[in-house]
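Here are a few exercises to work through with the model open beside you. Try each task on your own before you read its solution.

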Amino acid sequence: MPNPFIVTAKLPPEMQSWAQGLRREHYPAHRNHLHAHVTIFHSFAPSLLDELKTYLPRLAAEYAPIEARVSGVMDLGKGTAIALESPDLLSLRAEIAEHFHGSLTAQDLYEPRPHITIQNKVTKEEARALQADLVPIIEPHWFTFQALELHLYKGGPWDLVKACPFRGRERP
């Protein structure tokens with residue numbers, strides 16, 4: 001699909017800086033076009049832009065910032081990620097998926113394993129070596145997602161279309 005829209009959960013500044021540093025150090029430089037991120041949906045059709053720009057801010061305004069936990073290192077086969085746990089993020093994602101039922105791509109029909117990719121498209125050996133190095137230094141800790149973000153994919157870099165801060169008191 002040309003120029004799809006991507007939905008991410010915005011990392012807090014200290015997590016963003018930490019993850020971005022890892023990504024800058026370990027992601028192949030010629031392929032590293034993006035900032036560190038947590039993808040919730042990979043591909044919404046361009047025809048859904050107006051609905052996304054209306055629905056996502058309204059939904060985010062209902063809910064409190066979402067707690068998440070760094071839980072370790074994730075093996076991506078030919079890459080490495082920081083594994084995250086967040087039942088509330090998965091609940092919110094399910095609500096969005098239900099709203100857009102029938103419009104999701106095959107990639108977005110499954111429940112994701114939240115993570116921050118810090119290395120991709122390397123050999124399995126390189127990925128396993130980095131994972132072995134990171135396991136002793138990635139400590140579990142809590143943080144809070146402050147917003148949803150809507151991005152436009154342009155074949156490499158993404159353009160931020162809209163940030164949708166969590167403003168409510170309820171949990172998803």
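**Exercise 1. Work out whether strand E4 is enclosed or open, and find the strands it pairs with.**

Step 1. Find E4 at residues 80–85 in this predicted model. Five of its six residues are buried, so E4 is largely enclosed by the rest of the structure.

Step 2. Now look for its partners. Strand E3, residues 66–75, runs antiparallel to E4, and six bridges join the two. To see one of these pairs up close, take valine 73: its bridge partner in E4 is isoleucine 82.

Step 3. Follow the chain through the hairpin of E3 and E4. Four residues sit between the strands, and glycine 77 has a positive phi near 85° there.

Step 4. Go on to the other pairing. E4 also pairs with E5 in the antiparallel sense, over four bridges. Here alanine 83 has histidine 115 of E5 as its bridge partner.

**Exercise 2. Describe the surroundings of isoleucine 118 and glutamine 119 in strand E5.**

Step 1. Place them. Strand E5 covers residues 115–119 and includes glutamine 119; isoleucine 118 belongs to E5 too.

Step 2. Check the accessibility. Buried means under 20% relative accessible area. Isoleucine 118 comes out at 0%, so it counts as buried. Glutamine 119 has a value of 5%, so it is buried as well.

Step 3. List what isoleucine 118 touches. Beyond its neighbours within four places in sequence, its contacts include Ala19, Leu22, Arg23, Ile82 and Leu134. Tyrosine 27 is another contact: it is 91 residues away in sequence, yet the C-alpha atoms are 5.9 Å apart in space.

Step 4. Do the job again for glutamine 119. Setting aside residues up to four places away in sequence, it touches His26, Tyr27, Leu76, Gly79, Thr80, Glu126, Ala127 and Leu130. With threonine 80 there is also a polar contact, side chain to side chain, at 2.8 Å.

**Exercise 3. Say what is unusual about the phi of lysine 121, and decide whether this residue is buried or exposed.**

Step 1. Start with a rule of thumb: most residues other than glycine have a negative phi.

Step 2. Compare. Lysine 121 isn't a glycine, but its phi is positive, at about 60°.

Step 3. Locate lysine 121: it's in the loop between E5 and helix H4 (124–134). Its relative accessibility is 53%, so it counts as exposed.

**Exercise 4. Where does strand E2 fit in, and which strand pairs with it?**

Step 1. Count the buried residues. Six of the seven residues of E2 are buried, so this strand is largely enclosed by the rest of the structure.

Step 2. Look for the pairing. Strand E1, residues 5–9, is joined to E2 by four bridges, and the two run antiparallel. In this pair, valine 7 stands opposite phenylalanine 41 of E2.

**Exercise 5. Survey the empty spaces: what lines the largest pocket, the second largest pocket and the largest cavity?**

Step 1. Begin with the largest pocket, which has a volume of about 630 Å³. It's lined by 24 residues, and the closest to its centre are Leu34, His37, Thr39, His42 and Trp158. Strands E2 (38–44) and E5 each give at least two residues to this lining. Sorted by class, there are 10 nonpolar, 10 polar and four charged residues.

Step 2. Move to the second largest pocket, with about 150 Å³ of space. Among the residues lining it are Leu90, Arg93, His101, Asp108 and Tyr110. Its lining splits into six nonpolar, two polar and four charged residues.

Step 3. Finish with the cavities. There is one cavity of 30 Å³ or more, and the largest cavity holds about 40 Å³. Its lining is made up of Val38, Thr39, Ile40, Leu89, Leu90, Arg93, Pro112 and Pro114. E2 and helix H3 (87–99) each supply at least two of these residues. By class that's six nonpolar, one polar and one charged.

Step 4. Look for overlap between the lists. Leu90 and Arg93 line the second largest pocket, and they line the largest cavity too. Thr39 is one of the residues closest to the centre of the largest pocket, and it also lines the largest cavity.

Technical notes. Residues are numbered from 1 along each chain as its sequence is written. This is a predicted model: local features need pLDDT of at least 70, side-chain atom pairs count only at pLDDT 80 or more; totals for chains, interfaces and linings use all residues. Side-chain values use heavy atoms; hydrogens and water are left out. Buried means under 20% relative accessible area, exposed over 50%, partly exposed in between (1.4 Å probe, protein chains only). A polar contact is a pair of N or O atoms within 3.5 Å; within protein, one must be able to donate a hydrogen and the other to accept it, and residues adjacent in sequence count only if both atoms are side-chain atoms. Contact means heavy atoms within 4.5 Å. On a 1 Å grid over the protein atoms alone, a cavity is a set of points where a 1.4 Å probe fits but cannot get out, and a pocket is an open set with protein on both sides within 12 Å along at least five of seven lines; lining residues have an atom within 4 Å of a point. Grid points are joined across faces, edges and corners, and a volume is the space filled by probe spheres set on the points. Ala, Val, Leu, Ile, Met, Phe, Trp, Tyr, Cys and Pro count as nonpolar, Asp, Glu, Lys and Arg as charged, and the others, Gly among them, as polar. Two strands pair if DSSP finds at least two bridges between them.
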